[in-house]
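Work through these exercises with the structure open beside you. Try each task before you read its solution.

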Amino acid sequence: MKLLVLMLLGSLAGCFYVESFNQRPSVQIVNTADDVQRGDTVQLTADADDPDGQAVEFQWRLYLCTDAADFATCDGEPKFSGIDDELVFTVPSLRENTQPVESLLAVLEGIDDHGAAAKPEDRLIIPVGNADPTIDLREDSRYRFVEGTPIDLYASYGDADDTAAGVVLTWEVQPPNVTAYQLLDLGPDITDPDDDKRLLDSRRITPAIDGTWVFKVTAGDPLGGAHTEDLEVNVVPDHVPCLDQWSPNAPVTSTLPVSQPTLFQIPIVGDDLDRYPTIPNDPIYGQTTFAWSQKVGTGPRQALGVTANSVPFDPAGYAPGTIVELRVEIFDRNATAISCSDGDRTCSVIADTSCIQRQTWHVEVR
Amino acid sequence: MRRAFVLCFLAACGGQLDGTSPDGGGNDAGNQCNVYITFEQPIPPAGPGELMHAIGNVENAPGVLTYNWRVIFDETEDITPILGQPGNITFPVVEPGIYRVTLRIEGSINPCTDGEAAETVSPPNANMQSYRIRVIPPASANIPPLDKRTTITGGGNVERSQALDPGIVTSGNIGGEGYVKLMPAASPTAFIDAFADGTGEFNTRAIQIPHDLLVIPKSQAVAPQKLASWFPGDGITLDPGTPVMGKVLAPGGGNLIGAKVQLMIDDVPSTLATTTSTGDFTVLVVPKPGATIRIDVTPPVTSGLPRLVASSTAFDLGQRLDVQYAAALGSPRDLLNVLIRRGAALPNAKVSIVGTLSASGTVDGISATGEVRIVTKANATGRLPSVLAPARALTAVIEPSPGDVAVTAIDLTSAVPAAIDAAAMVAVSTRLQQNASTPLPGAQLDAIPIGALAQANAPTVRFTAGTNGAITGSLASGGHYDLRFSDPGARVAAKTDDRNKTATQIAAVYTLPAAIEIRGTLTILGTSTPIPNAAVQILCATCTGVEADRPIAETASGPSGDFKLAVPDPGTGFTTIRR
């Protein structure tokens with residue numbers, strides 16, 4: 001338009017020569033990245049338009065900020081710079097002042113061949129999102145998750161755009177019923193042996209009741225990111241002991257003739273905590289309690305006072321032909337009463353009749 | 001420091017066929033390759049510079065093979081093998097113990113399971129000790145037990161994996177209800193108890209080898225008997241038995257009515273008889289020439305007479321057996337109203353009158369021993385009811401309450417005492433240790449009654465060491481015990497040679513013997529299938545009676561069939577005598 005006016009004026013005033021002038025380029029930052037987070041690799045592209053068709057040289061500056069809209073919250077010096085038509089960088093986690101990076105300020109300048117600078121420069125504020133921390137939970141029990149025994153819980157945690165050390169864990173325990181409990185911290189968190197970028201928090205609980213215990217662990221980072229994981233642990237009741245083996249291995253309906261001194265024994269008792277033979281050198285594992293008794297002929301049943309897993313039987317102590325009922329009953333630490341009638345040669349205190357707590361030998365002295 | 005070392009060899013062709021005597025780690029045939037390891041014999045003694053040679057045998061493995069070896073000492077320490085020809089390795093055996101070799105084959109077209117074998121390497125001049133190892137599989141496994149002798153060497157742990165023969169289902173018929181004891185002829189202690197029903201049929205699972213059968217019919221019309229060399233599946237024909245008759249006479253010559261009479265020929269009982277009004281009896285036996293015959297006469301409780309026992313190889317079963325109680329026994333004594341006391345009366349105390357009397361009678365002129373075992377109970381005022389006992393020196397074992405026991409000598413020869421005193425239990429105190437600086441909390445001391453206490457069926461008293469290995473408790477005054485020490489924690493071995501001790505003879509400190517471990521894995525013979533939850537016991541090889549059944553060490557096999565037991569270390573130091 002100006003040119004046209006000049007041309008018209010020139011045509012009116014006579015002809016005179018006016019040299020053309022360099023026009024400023026315009027520049028624009030193109031960002032195709034969505035949802036930028038710390039640790040992401042971002043590529044910004046410079047787009048220039050020069051009315052004179054000249055080449056434009058670029059100058060990038062990228063600042064780390066808390067709120068890029070307020071430059072006072074940005075680092076004084078740019079973190080990244082460049083002169084290419086692209087700027088590629090990885091978003092750091094922290095500013096110079098060790099505060100988390102929450103936004104980026106990208107500044108792009110352009111100058112054409114004749115030194116005309118784009119005005120204004122282009123500025124782009126790029127919000128930096130905060131990745132939530134991550135947690136992996138697992139449980140472990142040396143004692144098969146039986147109530148009254150310790151269960152160890154492990155939380156492996158980290159933060160992709162922050163350090164694990166900045167993450168705070170909160171534990172919440174939901175027992176199956178109202179009961180007292182104590183969640184012990186097993187010490188300072190350590191580097192996860194499986195991933196050195198993560199930390200491992202170890203806790204221990206000794207559930208007093210059985211049922212499904214739920215452990216909610218929330219990991220929070222300094223920027224308010226949070227993530228919660230649940231861990232369900234099924235705590236089982238202490239099972240009654242079961243006679244796994246007995247010797248002599250006589251069916252309960254049979255009469256066993258004994259003419260030689262014989263050791264009646266229970267070589268194996270199956271139990272979750274009080275098995276026989278016991279697991280030695282352990283503060284929790286115990287041992288089965290044995291109670292032996294005998295009934296001679298039609299006489300009363302009498303306790304033998306033997307607490308070991310075996311009792312010797314000498315037929316010489318009885319007249320040949322005497323019928324002796326030798327009985328053993330087993331108990332674990334809960335000492336569940338064996339409620340079957342005295343006449344029952346075997347007894348199970350639970351619905352599973354293959355798990356018996358009483359064995360009776362019907363012995364004929366010969 | 002020894003490091004784990006994996007060797008890889010390339011074999012140009014696939015597979016080798018090396019003999020048919022695997023030491024371990026075999027796989028099933030078909031599309032599986034078979035990998036097993038053998039050791040070059042003889043096995044060297046442990047020591048600096050000693051080397052052992054293992055050979056990897058690979059069958060049915062086409063392909064270009066890679067051999068990956070691993071040697072572990074005593075399950076804890078990796079040993080660096082020395083390279084050799086493909087398919088074998090040499091490794092040092094400096095220390096005595098168990099060396100386990102594993103071979104993994106890669107590159108085979110057919111899949112290969114790792115081969116594995118273990119060998120015990122003993123120190124030079126290792127002492128040896130014989131035991132029995134007994135394995136009782138769980139009932140659900142349906143596998144006969146194993147009981148066999150094994151000799152272990154001292155100085156290091158010992159490998160004793162066992163492969164159990166699953167046997168076959170077998171049955172037999174003894175013609176009627178009764179009991180059958182199946183004893184493998186080669187290892188009679190690995191017996192199986194079987195029971196025949198009313199039809200005489202019994203069913204069990206037995207190894208396909210000859211068995212001796214002890215058959216005790218319920219019917220008194222058939223003599224119990226032992227059948228030699230029965231093979232599972234064979235028929236069974238019982239000898240009805242030979243009648244043996246006799247008479248039992250009381251002191252003074254009168255007929256003894258209602259006495260129980262049984263013979264035992266070697267370890268086979270006769271039928272059971274009761275003397276008639278004429279004192280006569282008849283039992284059925286299956287005679288065995290040259291056997292020791294034992295006759296057992298149990299008189300009625302009301303007679304006050306001892307039980308008569310006599311043994312001889314000279315009894316003539318073709319003639320009547322005349323049993324005569326000795327006149328010298330005289331009239332029994334009645335213990336009515338004898339006061340049982342410990343200072344004050346002991347109401348409801350259990351009282352056993354026991355004793356062994358020589359020359360209590362004769363059987364066909366051969367002297368018979370009298371055994372006294374009378375059990376009674378004091379009343380609410382601490383006084384005994386009417387009970388007859390021989391007029392002899394005997395022993396009263398008094399139990400005022402369970403666990404409280406006293407042993408008191410009584411002499412009924414001249415008269416009945418007005419009271420029998422039960423001395424208080426004697427306090428005992430001792431300490432169990434591994435060495436002077438290592439106590440054994442949790443270790444156990446079993447005081448096993450012998451003598452009068454055993455005759456009275458007094459129970460074993462078990463003490464468990466507390467902190468610092470200390471034991472405090474009490475034992476019967478006048479009682480005699482065999483002491484048996486064990487450690488459930490397997491830190492030390494059992495100690496079973498402390499015999500015939502009284503409470504005052506308990507030492508202040510007992511140092512339990514150093515242990516070595518017997519380790520191994522239980523599998524089903526011919527397979528690699530493990531046997532979990534089986535009882536594994538180490539027993540005395542030369543003991544008899546109940547002692548033969550008391551485990552020196554016992555455990556249960558784990559989920560992989562593995563087991564570990566601690567036994568006394570026989571040590572080293574024997575001298576080889578060259579002739």
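**Exercise 1.** How many residues of each class, nonpolar, polar and charged, are in the lining of the second largest cavity?

*Solution.* This is a predicted model, in which local features need pLDDT of at least 70, side-chain atom pairs count only at pLDDT 80 or more, and totals for chains, interfaces and linings use all residues. Residues are numbered from 1 along each chain as written, chains are lettered from A and ligands numbered from 1 in written order, and side-chain values use heavy atoms, without hydrogens and water.

Step 1: know the term. On a 1 Å grid over the protein atoms alone, a cavity is a set of points where a 1.4 Å probe fits but cannot get out, and lining residues have an atom within 4 Å of a point.

Step 2: list the lining. It consists of A:V240, A:P241, A:I330, A:F331, A:D332, A:T336, A:I338, A:V349 and A:Q357.

Step 3: sort by class. Ala, Val, Leu, Ile, Met, Phe, Trp, Tyr, Cys and Pro count as nonpolar, Asp, Glu, Lys and Arg as charged, and the others, Gly among them, as polar. The result is six nonpolar, two polar and one charged.

Step 4: add the volume. This is the space filled by probe spheres set on the points, with grid points joined across faces, edges and corners. The second largest cavity holds about 40 Å³.

**Exercise 2.** Which element gives the most to the lining of the largest cavity?

*Solution.* Step 1: count the cavities. Three have 30 Å³ or more. The largest holds about 50 Å³.

Step 2: list its lining. The residues are B:I448, B:D482, B:L483, B:R484, B:T496, B:R499 and B:E547.

Step 3: find the elements. Strands (E, at least two residues) are DSSP runs, numbered from the N terminus. In chain B, β41 (480–486) and β42 (495–501) each give two or more residues. The top contributor is β41(B), with three.

Step 4: check the classes. Two lining residues are nonpolar, one is polar and four are charged.

**Exercise 3.** Is A:D152 buried or exposed, and what does its side chain pair with?

*Solution.* Step 1: locate A:D152. It sits in strand β10 (151–158) of chain A.

Step 2: apply the cut-off. Buried means under 20% relative accessible area and exposed over 50%, with partly exposed in between (1.4 Å probe, protein chains only). A:D152 has 12%, so it is buried.

Step 3: find the partner. A polar contact is a pair of N or O atoms within 3.5 Å; within protein, one must be able to donate a hydrogen and the other to accept it, and residues adjacent in sequence count only if both atoms are side-chain atoms. The side chains of A:D152 and A:R204 make one at 2.5 Å.

Step 4: list the surroundings. Contact means heavy atoms within 4.5 Å. Beyond four places in sequence, A:D152 is in contact with A:R138, A:E139, A:D140, A:L186, A:R203 and A:R204.

**Exercise 4.** Why does B:T408 count as buried?

*Solution.* Step 1: locate B:T408. Its strand is β34 (404–411) of chain B.

Step 2: read the area. B:T408 is buried because its relative accessible area is 16%.

Step 3: look for a polar partner. A polar atom of the B:T408 side chain lies 2.6 Å from the backbone oxygen of B:D421.

Step 4: name the neighbours. Not counting residues up to four places away in sequence, B:T408 touches B:L394, B:T395, B:A396, B:I398, B:I420, B:D421 and B:A422.

Terms used: Helices (H or I, at least four residues) and strands (E, at least two) are DSSP runs, numbered from the N terminus. On a 1 Å grid over the protein atoms alone, a cavity is a set of points where a 1.4 Å probe fits but cannot get out, and a pocket is an open set with protein on both sides within 12 Å along at least five of seven lines; lining residues have an atom within 4 Å of a point.
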